[in-house]
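This report introduces selected features of one protein model to a reader who has not seen it before. The sequence and the structure are shown first, and a short description follows.

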Amino acid sequence: MSVSSLHFEPSYKSLVDEFSKPIAVFDETLRLIYFNHQYEAVFGRSVASLFDLVSKDDDLSVTELPGCIRQKRSWRGEVIGGLTDTGRYSVKVIQLPNTLKPRYVGVFDAESLKLVKAPSQRVLLDDLTELPNRYAFLDELTQHIALNKSGNDDFAVLYIDLDHFKDINELHGHEIGDELLKLCAEKIRQMLRRDDLLARLSGDEFAAIVSCEQAHEMQYLCHRLLRYFERPVQMGGKHYQFTVSIGVAFYPDQGASPQDLIINAEKAMFEAKKQGRAQFQLYDRHQSQKIEQQQRLAESLRRVLQQAPEQFQAAYQPLYNIQSGEFIGMEVLARWASPEFGQVSPAEFIPLAESRGLINTLSSLIFNCIRRDIRSVNLADRAEKPLLAVNISAQQITDPFFEHLLMTFWRDVTDAGWQLEVELTESQLMTYTDGIIEKLEAWRHKGIRIAIDDFGTGYSCLAYLHMLPVDKLKIDRQFLRTQTQARKEDQIMYAIMSMAKALDIEVLAEGVETKEQFLRLQQLGCNSGQGFGLARPQPWDTKLMTALDL
């Protein structure tokens, strides 16, 4: 509705008319020139300018108003209702882009104030901190974007999470935790500018809409927040220590919708936690795409294990005696041929299976593949049983369900004439417990061999190797792949083999890819080896069980 003959761009009229909250348009002198029905119902037609609306208790705002709007192109303050509602309203005024003359739009909102009279409006406030809650924040962010389609008013969303706050609640109680949350909200609010918006999303998570012209402004603000929370927080004569992790997403480059901005700022916050906490991270589209890809892969993995298990197959890589070339066994590797993702590397899907609770399902599927494959050959009459090595996860060792799977599988492969060997990586065993040691000893007592894979990549395994029930060390491929003039790698491998011999442990070299590497291992006296240079992993075939042609 127009109250002035001054020109107002038609392109904005529909936006103003259809807005769900009171909204008004002002000219360069802040005179009222257009408004919607919701505005008229609250303030009436008698208001001539924005100055007539500003709270008389807010004298500072009146003096700051013209200069603030001209310099920052935005202002946030408080106004008094008129005809039907005499309550207080917050107002945010921003400059409209792409107008012939300066035009400013004000959005009025009673629900974003701390003092809210109507019970129905309290659902948009956080009871503890009296900040806007998630719903109010989303609504404000939606309005902010709707009035800023040209991207002239640069802003960012900050996602702030208190690190290890759960520990404070558990140690000091939730009452102390609540008081600290209120204190944190107050301190964060003080560090933001007047026209920025802070909300409490949930628990110990806050979010803010912060205007900025340059990215370095946001970095400076984040550094201020981090520095404040590096110091102990004092409350009630006591000191409490915690830090914050912050994620930042800029509009519109890192999110053009409210949901995208919040999600991307949260992703950046999680990356800050992943990198060690007590820091901030800007949203990284490339990193986010990797996370999204991983999530899609995890969802596909779960679906395939349940509905299309035939996509998984077992691949077999022969193990050989390095000195004689004799075939001594197979390592079984899981392979996933996905119609959606192509050949998925075990380095990708196995960690996902472990972290998503799918590793036992995957192991069971691969065990069934092996049972089916080895039926084609009967080794019951063979004097020395060949090895059948399978990889397991450390988390499976103390899992009763997995132990049942393994024991059943062990009996089946033993009956078929094979010697079962389970492999665990050195890094997994670095966090061993007494329960794991007891299980490995029990399995070994039954006749299952234990091997440590990728040996030499960890840091502390040598310190407790003599305590572990181990039959074999598999030396990591990096020692063969690298060869310096001083031949330090050979010296390290020789030292490992000497130590293993003293402990009555076999040694196998991984990653044998060239004739030169094979000869080096022979000269070092290595017992056994495997690698692409000897035989690649491939589908089951009895021809794999033949000696090397030396």
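## Helix α11

In this predicted model, helix α11 spans residues 359-374 and contains 16 residues. From its first C-alpha to its last, helix α11 reaches 22 Å, close to the 22 Å expected at 1.5 Å a residue.

Helix α11 is mostly covered, with twelve of its 16 residues buried. The buried residues of α11 include the nonpolar Ile359, Leu362, Leu365, Ile366, Phe367, Cys369, Ile370 and Ile374. Asn360, Ser363, Arg371 and Asp373 of α11 are buried as well.

## Cysteines

Cys369, one of the buried residues of α11, has a relative accessibility of 4% and therefore falls under the 20% limit for buried residues. Cys184 is likewise counted as buried, because its relative accessibility is 1%.

A disulfide is a covalent bond between the sulfur atoms of two cysteines. With a cut-off of 2.5 Å between sulfur atoms, the count for this model is zero disulfides.

## Packing of α4 and α8

Two packed helices are described by the angle between their axes and the distance between the axes. For helix α4 (residues 134-146) and helix α8 (residues 258-274), the axes come within 9 Å and cross at roughly 120°. Helices α4 and α8 are therefore oblique to each other.

On the α4 side, the contact is made by Phe137, Leu138, Leu141, Thr142 and Ile145. These residues meet Pro258, Gln259, Leu261 and Ile262 in α8. By class, this contact has seven nonpolar and two polar residues, and no charged residues.

Definitions and conventions: Residues numbered from 1 in each chain as written. Predicted model: local features only at pLDDT ≥ 70, side-chain atom pairs only at ≥ 80, totals over all residues. Heavy atoms only, no water. Buried < 20%, exposed > 50% of the residue type's maximum accessible area, 1.4 Å probe, protein only. Axes fitted to C-alpha atoms, helices over the stretch in contact; angles between N-to-C directions. Helix = DSSP H or I, 4+ residues; strand = E, 2+ residues; numbered from the N terminus. Parallel < 35°, antiparallel > 145°, perpendicular 65-115°, else oblique. Contact = heavy atoms within 4.5 Å. Expected span 1.5 Å × (residues − 1).
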